[in-house]
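Me: I have a structure here that I haven't looked at before. Can you walk me through it?

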Amino acid sequence: MIAIYPGSFDPITLGHLDLIQRSSRLFERVLVAVLRNPNKMPLFTVEQRLEQIRLSTKHLPNVGVDSFDGLTVEYAQMQQAQVLLRGLRAVSDFEIELQMAHTNKTLSTQIETVFLATSNEYSFLSSSVVKEIARFGGSVDHLVPPHIALDIYQCYNQKSLASNPTTTATILPHEST
C-alpha cells in the first residue's frame with residue numbers, strides 16, 4: 001500500500017520527520033510530496049526542499065520524495081497511491097483536515113485519508129513556527145535536523161544583510177582605536 005504525505009515542507013521539521021518515520025512502518029511505501037504552490041512565497045525552492053527531505057529520510061528505504069502541482073488526489077492517482085497521510089497536532093487541525101478529506105473523497109472514492117496524531121513533543125511545531133523563531137534570531141536546532149538548521153540560518157543571515165545594506169560591523173571594545 002502506497003501513502004502520499006503531501007505538504008509544503010518549508011522547511012521540513014522534526015514533527016514531519018516523526019510522522020514520516022512512523023508511517024514508514026505502517027505502509028509499504030511512503031511518498032513525501034512537496035506541493036508547488038504558486039500562491040506562497042517559500043523560504044526554500046522546491047529543489048532545496050526536496051534535497052533537505054532526501055537527506056533527512058535517507059535511512060528509510062521505503063520513503064521516496066517528489067514534487068507536484070495541481071490536485072493532490074490526481075497526483076495520488078498518478079502514483080497509484082491508496083492513502084493520503086495527514087498529521088494532526090490539535091483540534092483546530094482536525095477541522096481543516098476533515099474538510100479537506102471530505103473534499104478529496106468527492107474527487108476520488110478510491111483514495112482514503114489517514115490521520116496520524118503527532119507525538120506530544122511536536123504538538124506545537126510547524127514550519128511557520130520554525131521560520132518565525134529563526135527570523136528573529138532564535139535557535140531552531142531543536143526543531144529541525146542539523147543540516148536544515150544550517151540552511152535556515154544561512155538564509156536569514158543573507159536576507160537580513162541584503163535587506164539592510166547600512167548595517168556595519170560591530171566593533172568590539174578591544175578593537176577600537
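Reply: Here is a short tour, from the overall layout to a single residue.

Reply: This is a predicted model, where local features need pLDDT of at least 70, side-chain atom pairs count only at pLDDT 80 or more, and totals for chains, interfaces and linings use all residues. Residues are numbered from 1 along each chain as its sequence is written, and side-chain values use heavy atoms, with hydrogens and water left out.

Me: How many helices and strands does the protein chain have?

Reply: The protein chain has 6 helices and 5 strands. Helices (H or I, at least four residues) and strands (E, at least two) are DSSP runs, numbered from the N terminus. Along the sequence the pattern is β-α-β-α-β-α-β-α-β-α-α.

Me: And how much of the protein chain is buried?

Reply: Of its 177 residues, 43% count as buried. Buried means under 20% relative accessible area, exposed over 50%, partly exposed in between (1.4 Å probe, protein chains only).

Me: Which strand does strand 2 pair with in the parallel sense?

Reply: Strand 2 (residues 29-35) pairs with strand 3 over 6 bridges. Two strands pair if DSSP finds at least two bridges between them. Ala33 stands opposite Asp66 in strand 3. To get from strand 2 to strand 3, the chain passes through helix 2 (residues 46-57), and this β-α-β crossover is right-handed. Right-handed means that, with the strands pointing away from the viewer, the path from the first strand over the helix to the second runs clockwise.

Me: Why is strand 3 largely enclosed?

Reply: Strand 3 covers residues 63-68, and 5 of its 6 residues are buried, so it is largely enclosed by the rest of the structure.

Me: What about strand 4 and strand 5? How many bridges join them?

Reply: 6 bridges join them, and they run parallel. Leu84 has Thr113 in strand 5 as its bridge partner. The chain goes from strand 4 through helix 4 to strand 5, in a right-handed β-α-β crossover.

Me: New topic. Which residues touch the most other members of the largest nonpolar core?

Reply: Ile20, Val140, Val144 and Ile152, out of 34 residues in that core. A nonpolar core is a set of buried Ala, Val, Leu, Ile, Met, Phe, Trp, Tyr and Cys residues joined through side-chain atoms within 4.5 Å.

Me: Which helix gives the most to this core?

Reply: Helix 6, with 5 residues. Apart from this core lies another, of 10 residues, including Phe68 and Val73.

Me: Now the largest pocket. How much space lies in it?

Reply: About 1200 Å³. The residues closest to its centre, among the 43 that line it, are Pro6, Gly7, Ser8, Lys40 and Arg86. Helix 4 supplies the largest share of the lining, 7 residues.

Me: What counts as a pocket?

Reply: On a 1 Å grid over the protein atoms alone, a pocket is an open set of points where a 1.4 Å probe fits, with protein on both sides within 12 Å along at least five of seven lines; lining residues have an atom within 4 Å of a point. Grid points are joined across faces, edges and corners, and the volume is the space filled by probe spheres set on the points.

Me: Last one. Is Pro11 buried or exposed?

Reply: Pro11 is buried, with a relative accessible area of 0%. Pro11 sits in the loop between strand 1 and helix 1. Not counting residues up to four places away in sequence, Pro11 touches nine residues' worth of neighbours listed as His16, Phe44, Gln52, Ser127, Val130, Lys131, Val144, Ile148 and Ile152. Contact means heavy atoms within 4.5 Å.
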